[in-house]
Amino acid sequence: MTDQTRRQPDPIPVTLLTGFLGAGKTTLLNRLLSDPDLKDTAVLINEFGEIGLDHLLVQHFDDATVLLASGCLCCTVRGDLVEGLEHLLRRMDNGVIPPFRRVVIETTGLADPAPVLHVLMMHPYLVMRFRLDGVVTVIDAVNGLSTLDAHPEAVKQAAIADRIVLTKTDLLDTPERQGAFAAMNARLDRLAPGAARLDAAQGEATAAALLDAGLYNPANKIPDVERWLNAEAVEAAEAAQRGHSQHGSAHDANRHDDRIRAFTVATEAAVPAAALDMFLELVRGMHGDKLLRLKGIVRLVEDPARPVVLHGVQHVLHPPSQLPGWPDDDRRTRLVMIVRDVEPAVIRRLFDAFMGLPAPDQPDGAALTDNPLAPATMRR
């Protein structure tokens, strides 16, 4: 057997489609399934009864799998997601179903997306066969504001999104609805500043716009760190938030999204691998459930020419990958974090401590040597 035949196939990109009850996920998915860009896609949905696919069906493989006219495979997932994904892979590898080149998973409206992301990041076999491409969250423009107020699940779905699809904008036909929509967008500016927003009614929510949201640019397969991190948008939102706070804008501590912060940690200095490992372990150990999402690119002291890419959800960190080189001239370490009930300053002080950087109100070296969370060998 040659090395070529033994070569593991490239991981298949997976898009997670989420959104609260009534937001319009089913309508969006039904539209996407006729898009040529979704050809050779496997779509996992909860129940066929929730989506009108009859006009698209051309062939039944079994009770759970059908082939659509677009070339998509559409499957039900009634139980364990791991079992469903493994079943798809076995049938593709054995030639029972046509090959697919991407997967779209639709969650239920009340679902917390994190467990699905954990599966894609932790399962020892699936992590070799699949890679998370992005999270698409659907939000109802008419009822979105009240949904964010009433349901923490909806807030989390929005906060971890790479793309946000706004539905029912064509129904904003009264001043009251328009005002609520403007207020919702203002909250999304702070809650999910790194997520591109697309208007479904304006035809913006195409497969091309929603898919390929991961690290690699689909056009040239080269890493596009700026697009993936979108750290500039997060930094701008954080600066605006500081401006509001300085002008005395009050926040409702009981409002779900006021407990969530998106921010960046960046440094020009190369990071020692051991310090990075300890920082990540401590953050996950102390704030794991509150770390909704982490994306980052790191310049290591030990290998500064080959950056390390980080991606985590809560306490689960995807196995880090190392790029063959820097894709652009920006060689800073940049971490984009979304947290709940944690002040960004706490994380930043911890990072500075492991980097040996002084805090703004401490003399040089004090941030590390006096910090009780720093490694014992580095403290006084």
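This briefing walks through the fold, one helix and its aromatic partner, the cysteines, and a few individual residues. Please keep in mind that the model is predicted. The chain has 14 helices and 15 strands, and 49% of its 380 residues count as buried. Among contacts between residues at least 6 apart in sequence, 73% join residues at least 24 apart.

**Helix α12 and what covers it**

- Helix α12 runs over residues 273–287, and its end C-alpha atoms are 21 Å apart. That agrees with the 21 Å that its 15 residues should span at 1.5 Å a residue.
- Which residues of α12 are buried? They are Ala275, Leu276, Phe279, Leu280, Val283 and His287.
- These buried residues lie on the same side of α12, because they cover an arc of only 130° around the axis.
- As background, an α-helix has 3.6 residues a turn, so residues three or four places apart point the same way.
- The cover over the buried residues of α12 includes the strands β11 (291–298), β12 (308–313), β13 (316–317) and β15 (333–340). Helix α13 (344–355) is also part of that cover.

**The aromatic pair**

- How many aromatic pairs does a search of the whole structure find? The search finds one.
- Phe279 and Phe351 make up this pair, and their arrangement is edge-to-face. The ring centres are 5.2 Å apart, with 80° between the planes.
- The edge-to-face label follows because planes over 60 degrees apart are counted that way, and the angle here is 80°.
- The two partners come from distant parts of the chain, 72 residues apart. Phe279 sits in helix α12, while Phe351 sits in helix α13.
- Both rings belong to buried residues: Phe279 has a relative accessible area of 1%, and Phe351 has one of 3%.

**Thr267, another contact of Phe351**

- Thr267 has its place in strand β10, which covers residues 260–267.
- Is Thr267 buried or exposed? At 10% relative accessibility, Thr267 counts as buried.
- The side chain of Thr267 reaches the backbone nitrogen of Ala269 at a distance of 3.1 Å.
- Leaving aside neighbours within four places in sequence, Thr267 touches Arg332, Thr333, Phe351 and Met355. Phe351 in this list is the residue that pairs with Phe279.

**Cysteines**

- If you are wondering about disulfides, a search of the whole structure finds zero.
- Cys74 is in no disulfide, and the nearest cysteine sulfur to it is that of Cys75, 6.7 Å away.
- Why is there no bond for Cys75? The closest cysteine sulfur, in Cys74, is 6.7 Å from the sulfur of Cys75, which is too far for a bond. A disulfide would need the two sulfur atoms within 2.5 Å.
- Both cysteines are buried, Cys74 with a relative accessible area of 0% and Cys75 at 4% relative accessibility.

**Helix α7**

- Helix α7 covers residues 152–159, and six of its eight residues are buried. The helix is therefore largely enclosed by the rest of the structure.
- The buried residues of α7 are Ala154, Val155, Lys156, Gln157, Ala158 and Ala159. Note that a lysine and a glutamine, Lys156 and Gln157, are among them.

**Backbone angles to look at**

- Most residues other than glycine have a negative phi.
- Asp40 has a phi near 65°, a positive value in a residue other than glycine. Asp40 is found in the loop between α2 (25–32) and β2 (41–45).
- With a relative accessible area of 27%, Asp40 is partly exposed.
- Lys168 also has a positive phi, of about 65°, although it is not a glycine. Its loop lies between β8 (163–167) and α8 (175–191).
- Lys168 is partly exposed too, with a relative accessible area of 30%.

**Ala180 in helix α8**

- Helix α8, which follows the loop of Lys168, holds Ala180.
- Ala180 is partly exposed, with a relative accessible area of 22%.
- How are Ala180 and Ala141 placed, 39 residues apart along the chain? Their C-alpha atoms are separated by 8.5 Å.

Conventions:
Residues numbered from 1 in each chain as written. Predicted model: local features only at pLDDT ≥ 70, side-chain atom pairs only at ≥ 80, totals over all residues. Heavy atoms only, no water. Helix = DSSP H or I, 4+ residues; strand = E, 2+ residues; numbered from the N terminus. Expected span 1.5 Å × (residues − 1). Buried < 20%, exposed > 50% of the residue type's maximum accessible area, 1.4 Å probe, protein only. Arc of directions from axis to C-beta. Contact = heavy atoms within 4.5 Å. Phe/Tyr/Trp six-rings, centres within 6.5 Å; stacked < 30°, edge-to-face > 60°. Polar contact = N/O pair within 3.5 Å; in protein donor to acceptor, adjacent residues only side chain to side chain.
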